[in-house]
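Subject: Structure handover

Hello,

I am passing the structure on to you with this email. Please open it first; my notes on it follow below.

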Amino acid sequence: MNQKEHHYQVNVKWTGNKGSGTQSYKTYERNYEISAGGKPVISGSSDPAFLGDAKCWNPEDLLVAAASACHKLWYLHLCSEAGISVLSYVDQAKGTMREGKKGCFTDITLQPEITIRLGDDINRALALHHRAHELCFIANSLNFPITCQPVITHSEYG
């Protein structure tokens, strides 16, 4: 079977040189900019625990966001195919990273709150989260568990 490949390129430019480069651990900023093909620039830094700027996105934030966004996109696709009309979807995703000799993420939990059209099947809407997880490119690329704890309600509007 011939599988399609998709390629992605981003530019990550360090902007934290305060004049003396990385002369010592505390003499440089962790700030950077992420850019790609005419898209808005993302301002990044490290986590404040590692002397980063709390106002900027850090790689850990971006990993959790990528997992959440990928799951959501698959879920919306599956719902549209199943005749379920999603009216709103807000995820309060969270991840846990453990420091150590070899720091790593240990888990991500997705907590989407979803409103579907009145009359649509809530049980089917819940079941589609399992399939979305199976199809999620990001989840399939990680070596730790991602769990999903959805809350789905009906709305008479839409």
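Lys94 has Thr109 as its bridge partner in β6. This is a predicted model, and the pairing of Lys94 with Thr109 belongs to a longer run: strand β5, residues 94–98, is joined to β6 by 5 bridges in the antiparallel sense. Between β5 and β6 there are 5 residues, and the two strands form a hairpin.

β6 also pairs with another strand. Strand β8 covers residues 146–148 and runs parallel to β6, with 3 bridges between them. Thr109 takes part here as well, with Thr147 as its bridge partner in β8. Is β6 mostly covered or mostly open? Strand β6 spans residues 104–110, and 5 of its 7 residues are buried, which leaves the strand mostly covered. As a general point on reading such strands, side chains in a regular strand alternate between the two faces of the sheet.

After β8 comes a loop that leads to β9 (151–155), and Pro150 lies in that loop. Is Pro150 buried or exposed? Neither word fits, because its relative accessible area is 22%, and buried would require a value under 20% while exposed would require one over 50%. Pro150 is therefore classed as partly exposed. Leaving aside residues up to four places away in sequence, Pro150 touches Pro112, Ile114, Leu126 and His129. Arg131 is 19 residues from Pro150 along the chain, and the C-alpha atoms of the two are separated by 13 Å.

Next, the open sheet. It is formed by 3 strands in the order β1-β2-β3, with antiparallel pairing. Which strands are at the edges? They are β1 (11–14) and β3 (42–44), each of which pairs on one side only. From one strand to the next, the twist averages 25 degrees. Strand β2 covers residues 32–35 and is joined to β1 by 4 bridges, the two running antiparallel. One of the pairs is Asn11 with Ser35, the latter in β2.

The last topic is the pockets. Rolling a probe the size of a water molecule over the atoms shows where empty space is left.

The largest pocket holds about 510 Å³ of space. It is lined by 16 residues, and those closest to its centre are Tyr8, Val10, Lys39, Ala66 and Ile138. Sorted by class, the lining comprises 12 nonpolar, 3 polar and 1 charged residues. Both β2 and α1 (59–82) supply at least two residues of this lining. Which element gives the most to it? That is α1, with 3 residues.

The second largest pocket has a volume of about 150 Å³. Its lining is made up of Asp47, Asn58, Glu60, Asp61, Val64, Gly95, Met97 and Phe105. By class, these divide into 3 nonpolar, 2 polar and 3 charged residues. α1 and β5 each supply at least two of the lining residues, and α1 gives the most, with 3. Helix α1 is thus the top contributor to the largest pocket and to the second largest pocket. β5, a contributor to the second largest pocket, is also the strand that forms the hairpin with β6.

Regards

Conventions:
Residues numbered from 1 in each chain as written. Predicted model: local features only at pLDDT ≥ 70, side-chain atom pairs only at ≥ 80, totals over all residues. Heavy atoms only, no water. Pairing = 2+ DSSP bridges. Axes fitted to C-alpha atoms, helices over the stretch in contact; angles between N-to-C directions. Buried < 20%, exposed > 50% of the residue type's maximum accessible area, 1.4 Å probe, protein only. Contact = heavy atoms within 4.5 Å. 1 Å grid on protein atoms, 1.4 Å probe; cavity = no way out; pocket = protein on both sides within 12 Å on 5 of 7 lines; lining within 4 Å. Points joined across faces, edges and corners; volume = space filled by probe spheres on them. Nonpolar A, V, L, I, M, F, W, Y, C, P; charged D, E, K, R; others polar.
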